[in-house]
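User: Please take a close look at one part of this model, a loop and the contacts around it, and describe it in terms a bench biochemist could follow on screen. I would also like to know how the burial of side chains elsewhere gives it a context.

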Amino acid sequence: MTPGHLSILGMGPGDPELMTVKAARLLREAPVAAWFCRHDRPGHARQIAGDMLSPHVVGLRFAYPFTTEIPLCDPAYLVRMAAFYDECAERIATHLLAGRDVALLCEGDPFLFGSAMYVFDRLHPRFTCTVVPGITAMAGCWSAAQRPMVHGDDVLSVIPGTLDAESLTARLEQADAAVIMKLGRNLEKVRTALRHAGREERAIYVERATQPQQRCMKLTDMKGPAPYFSIILVPGREAAR
């Protein structure tokens, strides 16, 4: 039997109309669809897909064993997440070996902090794979905020908020323009790093970009906790042009 084909689909930042034509076509054609989620939520990529999936699709829901409960530096994090991705890959492989194509859904772009890349690493040596790029969350955010980010020879830095405070400050001091992802419980640490780097006044907070609950504001005006789908933008030097 000829094995099935794995398609990893970038679903974009949230608005279903921002999905590419190719991703939408493969999504509708897929006999099997897989997606990641928290144990108590349906999954953002699945929500973007909405009713575009075939009514006869076989769904594979991959619920993370944890999300923010264990820090990245804890050795148990890598061990348990590796086992989780091993299991996800094997569940997909079962369908591929039976000759069924599988679409793996990933919000944003699959290869930019996407969980799908870990399944790709495990399966692409064994099966044919197509990776469909998606509009990134950061692109959704700066478009929603209507702020050009890089000008001329500006260098853009993409910085995870999970870094320690000293590393965050150092990278922000060196950056012409910056996107800070993975906020959540790291928000206050990121605020402090921006302040120490002299960038707090330029920082823009964007939450759930391109979605109905979207919010954009100066970071200094933002109160309260930051949800997972939030990003801070620091526009570049805005040189003459």
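Analyst: A residue is called buried here when its relative accessible area is under 20% and exposed when that area is over 50%, with partly exposed covering what lies in between. The model is a predicted one, and the values below are computed from it.

With those cut-offs, a helix outside the loop shows how the terms work. Helix α1, which spans residues 21-29, has Ala-23, Ala-24, Leu-26 and Leu-27 among its residues as buried positions. Viewed down the axis of α1, these buried residues fall within an arc of 170°, and therefore they line one face of the helix. The other side of α1 carries Val-21 and Glu-29, which are exposed. A second helix, α6 (residues 165-174), has Leu-168, Thr-169 and Leu-172 as its buried residues. Their arc around the axis is only 95°, so they sit on the same side of α6. Glu-166 and Gln-174 are exposed, and they are carried by the face of α6 that is turned away from its buried side.

The part to examine closely is the loop between α5 and β6, and Gln-146 is one of the residues placed there. The phi angle of Gln-146 is near 55°, a positive value in a residue that is not glycine. Because its relative accessibility is 68%, Gln-146 counts as exposed. A positive phi near 70° is also found for Thr-210, again a residue other than glycine, although Thr-210 belongs to another loop, the one between β8 (204-207) and β9 (215-218).

Pro-148 has its place in the loop between α5 and β6 as well, and a relative accessibility of 47% makes it partly exposed. The C-alpha atom of Pro-148 is separated by 6.8 Å from that of Pro-235, although their positions lie 87 residues apart along the chain. Val-150 is likewise found in the loop between α5 and β6, where it is partly exposed with a relative accessible area of 43%. Together with Leu-112, Phe-113, Leu-156 and Val-158, Val-150 makes up a nonpolar surface patch of about 350 Å².

Which residue of the loop takes part in a salt bridge with Arg-237? The partner is Asp-153, and the closest N and O atoms of the pair are 2.7 Å apart. Asp-153 lies in the loop between α5 (137-145) and β6 (156-160), whereas Arg-237 lies in the segment after β10 (230-234), so the pair ties together parts that are 84 residues apart in sequence. Asp-153 counts as exposed, because its relative accessibility is 59%, while Arg-237, at 47%, counts as partly exposed.

For context, the count of salt bridges in the model comes to 12. One of them joins Asp-86 and Arg-122, with a distance of 2.7 Å between the closest N and O atoms. That pair also links distant parts of the chain, since Asp-86 is in helix α3 (residues 75-97) and Arg-122 is in helix α4 (residues 116-123), 36 residues apart. Asp-86 is partly exposed at a relative accessible area of 39%, and Arg-122 is partly exposed at 27%.

A salt bridge within a single helix is formed by the side chains of Glu-188 and Arg-191, at 3.1 Å from N to O. Both residues lie in helix α7 (residues 187-196), and the 3 residues that set them apart correspond to about one turn of the helix. Arg-191 counts as buried, because its relative accessibility is 8%. Returning to the loop, Asp-153 and Arg-237 belong with Asp-154 and Asp-176 to one network, joined by salt bridges that share partners.

Taken together, the loop between α5 and β6 includes Gln-146 with its positive phi, Pro-148 with a C-alpha atom 6.8 Å from that of Pro-235, Val-150 as a member of the nonpolar surface patch, and Asp-153 in a salt bridge with Arg-237.

Methods. Residues are numbered from 1 along each chain as its sequence is written. This is a predicted model: local features need pLDDT of at least 70, side-chain atom pairs count only at pLDDT 80 or more; totals for chains, interfaces and linings use all residues. Side-chain values use heavy atoms; hydrogens and water are left out. A salt bridge is a side-chain nitrogen of Lys or Arg within 4 Å of a carboxyl oxygen of Asp or Glu. Helices (H or I, at least four residues) and strands (E, at least two) are DSSP runs, numbered from the N terminus. Buried means under 20% relative accessible area, exposed over 50%, partly exposed in between (1.4 Å probe, protein chains only). Patches are made of residues with over 30% relative accessible area and no salt bridge: like charges are joined within 9 Å, nonpolar side chains (Val, Leu, Ile, Met, Phe, Trp, Tyr) within 5 Å. Accessible areas come from the Shrake-Rupley method with a 1.4 Å probe; for residues, only the protein chains shown count as cover. The arc is that of the directions from the helix axis to the C-beta atoms.
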